[in-house]
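Student: I have the coordinates open. Can we go through the labels and test each one against its cut-off?

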Amino acid sequence: MAGVIERRSIDVVPDDERHGSAVSQFTLWLGANLQITAVVTGALAVVFGAGALWALIGLLLGNLAGGAVMALHSAQGPRLGLPQMITSRAQFGVRGAVVPLALVIVMYIGFFASGSVLAGQAVGELTHLGPAAGIVLFAAVTAVAATVGYRLIHLLGKVAGLVCALAFVYLGVRLWQRADLAALLHDHRFGLPVFLLAISLSASWQLAFGPYVADYSRYLPRHTSTRATFWWTLGGSVLGAQWSMTFGALAAAAAPAAFVGHEVGYLVGLGGTGLIASALYFVIALGKLTINILNTYGGFMSLVTSVSGFRGQRTLTARGRSAYIAGIMVAGTAVALVGRDSFLTSFKDFLLFLLTFFTPWSAINLVDYYLLSKERYDIPALHDPDGRYGAWNVGALTVYVLGVLAQLPFLATNFYTGPLVGPLGGADVSWLVGLAVPAVLYWLTARRDTARLVGPGVAGERTAPAGLGG
């Protein structure tokens with residue numbers, strides 16, 4: 001069993017353990033996005049007022065914009081050989097990185113919970129145990145798979161991508177037979193606020209992958225092309241998400257009463273009864289298993305990174321790995337069981353609220369990696385609070401907080417609406433502000449910190465190209 005379970009956690013993946021090609025990013029992210037929570041995300045654009053045509057256009061724009069940002073994070077994996085969030089230490093400090101990390105862990109638990117609600121319905125029907133027991137069973141299987149790690153995750157991505165693609169083709173045909181989709185798409189009514197909401201929903205979906213996307217590209221050989229990693233990741237994630245969200249938007253427009261609040265039952269009922277229904281319940285659970293393993297594995301990596309910043313550890317025992325993953329599973333399952341009755345509205349607010357905290361992180365991380373450090377990090381210093389990056393980078397943390405605060409006037413959720421949302425017709429453009437403001441502020445302030453940056457042409461082992469240290 002020891003040879004099956006992944007040994008690496010937040011330590012650098014050495015060259016002799018690298019394997020695979022950039023195409024693996026396409027299959028993984030296609031499988032991760034062809035699933036029911038993405039369907040629900042697309043449906044939300046219609047539920048909250050957009051017509052089907054403009055909902056689909058807005059969802060596509062958001063997927064492309066957010067997908068480009070997440071794919072830029074993915075391209076860091078082969079170069080660094082590190083999980084995504086540990087590189088935040090280069091911007092925020094070895095211990096200061098715990099600030100965005102804490103929020104990322106909350107995100108993983110939230111996504112684990114939301115996925116478990118929908119998958120639990122499918123597992124409960126498939127096993128005749130009911131939704132609550134289905135949630136618990138699904139969570140346990142997720143935790144076991146996440147413990148095995150990287151290779152199993154990619155294998156499941158390939159299987160889920162193929163199986164779920166076939167299922168969505170079948171469901172798409174059934175939806176076409178049942179609903180007048182042409183009439184729905186001929187409705188050209190345009191409302192700017194709901195159009196921007198559609199963009200925000202899909203952009204937030206993609207941006208939420210940013211804090212862990214490099215976790216699944218870090219085993220690729222160092223010579224893997226940055227462009228190839230970027231485009232294969234972008235292609236798989238955008239295709240899978242847009243496909244699922246398109247189905248959700250059209251289903252919500254065609255049968256809002258039947259779909260909203262009964263998403264799993266609607267999909268299965270659309271497909272048929274008997275063996276077909278059982279197969280569709282299995283497909284729903286399989287699709288959610290893939291993405292929930294990513295959430296559990298990413299939460300585990302972020303939790304270890306947070307703790308190790310204070311304890312100084314770089315490696316983890318199998319027992320420690322299991323304990324961290326069990327903690328994520330228990331927390332996510334508890335949230336799922338408590339919040340399953342108010343899922344749809346809560347999930348929309350959860351997505352948009354999370355976006356407020358992760359767009360500034362993405363902006364700071366990408367500006368630092370691509371524009372300032374030129375894809376070179378002092379990897380040993382990522383574990384040394386007294387090293388190049390220090391324990392706390394007050395300047396970067398200040399920019400991060402300002403990036404969050406700058407979005408609040410433009411944020412629109414059920415529990416808070418900013419003062420500038422009304423003048424904009426109710427549109428939520430906070431994520432655009434959250435990318436632009438911290439990117440500019442960080443570039444202006446951090447580019448003067450030459451002692452922290454690792455520039456080209458600097459000699460010495462501790463300033464070798466990214467990934468050679470450790």
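**Labels and their reasons**

Tutor: Start with W392, which sits in the loop between helix 16 (343-372) and helix 17 (394-407). Keep in mind that this is a predicted model.

Student: Why is W392 called partly exposed?

Tutor: Its relative accessible area is 46%. Buried means under 20% and exposed means over 50%. W392 falls in between, so it is partly exposed.

Student: What makes W392 eligible for a nonpolar surface patch?

Tutor: A patch residue needs over 30% relative accessible area. W392 has 46%. The patch consists of V99, F310, W392 and V394, with about 390 Å² of accessible area together.

Student: Which other residues of that loop deserve a look?

Tutor: K374 is in the loop between helix 16 and helix 17. Its phi is positive, about 55°, although K374 is not a glycine. E375 is in the loop between helix 16 and helix 17 too. Phi of E375 is near 65°, again positive in a residue other than glycine.

Student: How do you know whether K374 is buried or exposed?

Tutor: Neither word applies. K374 has 44% relative accessibility, so it counts as partly exposed. E375 has 23%, and the limit for buried is under 20%, so E375 counts as partly exposed.

Student: And H383, why is it called buried?

Tutor: H383 has a relative accessible area of 13%. That is under 20%, so the label is buried. H383 is also found in the loop between helix 16 and helix 17. H383 and I325 are 58 residues apart in sequence and 22 Å apart in space, C-alpha to C-alpha.

Student: Now the charged pairs. What makes E6 and R218 a salt bridge?

Tutor: Side chains of opposite charge can pair when their charged atoms come close. The closest N and O atoms of E6 and R218 are 2.8 Å apart. The rule asks for within 4 Å, so the pair qualifies. E6 is in the segment before helix 1 (23-33), and R218 is in the loop between helix 10 (192-207) and helix 11 (226-254). They are 212 residues apart. Both E6 and R218 are buried.

Student: Which other residue forms a salt bridge with E6?

Tutor: R321 does, with the closest N and O atoms 2.9 Å apart. R321 lies in helix 15 (residues 318-339) and E6 in the segment before helix 1, so the pair ties together parts that are 315 residues apart in sequence.

Student: Why are R321 and E6 counted as buried?

Tutor: R321 is at 3% relative accessibility, so it counts as buried. E6 has a relative accessible area of 10%, which also makes it buried. Both values are under 20%.

Student: What about D15 and R222?

Tutor: Their side chains meet in a salt bridge, 2.6 Å from N to O. D15 lies in the segment before helix 1 and R222 in the loop between helix 10 and helix 11, so the pair ties together parts that are 207 residues apart in sequence. D15 counts as partly exposed at 46% relative accessibility. R222 counts as partly exposed at 23%. Salt bridges that share partners also join R7, R8, D11 and E17 into one network.

Student: How many salt bridges does the rule give?

Tutor: The count comes to seven.

Student: On to helix packing. Why are helix 8 and helix 11 called roughly parallel?

Tutor: Helix 8 (residues 150-178) packs with helix 11 at an angle of about 25°. Angles under 35 degrees count as roughly parallel, so the label follows. Their axes are 11 Å apart. Helix 8 passes helix 11 in a left-handed crossing.

Student: What makes helix 7 and helix 15 roughly antiparallel?

Tutor: The axes of helix 7 (residues 131-148) and helix 15 cross at roughly 155°. The cut-off is over 145, so the two helices are roughly antiparallel. The axes come within 10 Å. Helix 7 passes helix 15 in a right-handed crossing.

Student: Last one. How do you know that L28 is buried?

Tutor: L28 has a relative accessible area of 0%. The limit is under 20%, so L28 is buried. L28 lies in helix 1. L28 and T233 are 205 residues apart in sequence and 8.4 Å apart in space, C-alpha to C-alpha.

How values were computed
Residues numbered from 1 in each chain as written. Predicted model: local features only at pLDDT ≥ 70, side-chain atom pairs only at ≥ 80, totals over all residues. Heavy atoms only, no water. Patch = residues over 30% accessible without salt bridge, like charges linked within 9 Å, V, L, I, M, F, W, Y side chains within 5 Å. Areas by Shrake-Rupley, 256 points an atom, 1.4 Å probe, with all protein chains shown as cover. Helix = DSSP H or I, 4+ residues; strand = E, 2+ residues; numbered from the N terminus. Buried < 20%, exposed > 50% of the residue type's maximum accessible area, 1.4 Å probe, protein only. Axes fitted to C-alpha atoms, helices over the stretch in contact; angles between N-to-C directions. Parallel < 35°, antiparallel > 145°, perpendicular 65-115°, else oblique. Left-handed = near helix turned anticlockwise from the far one by under 90°.
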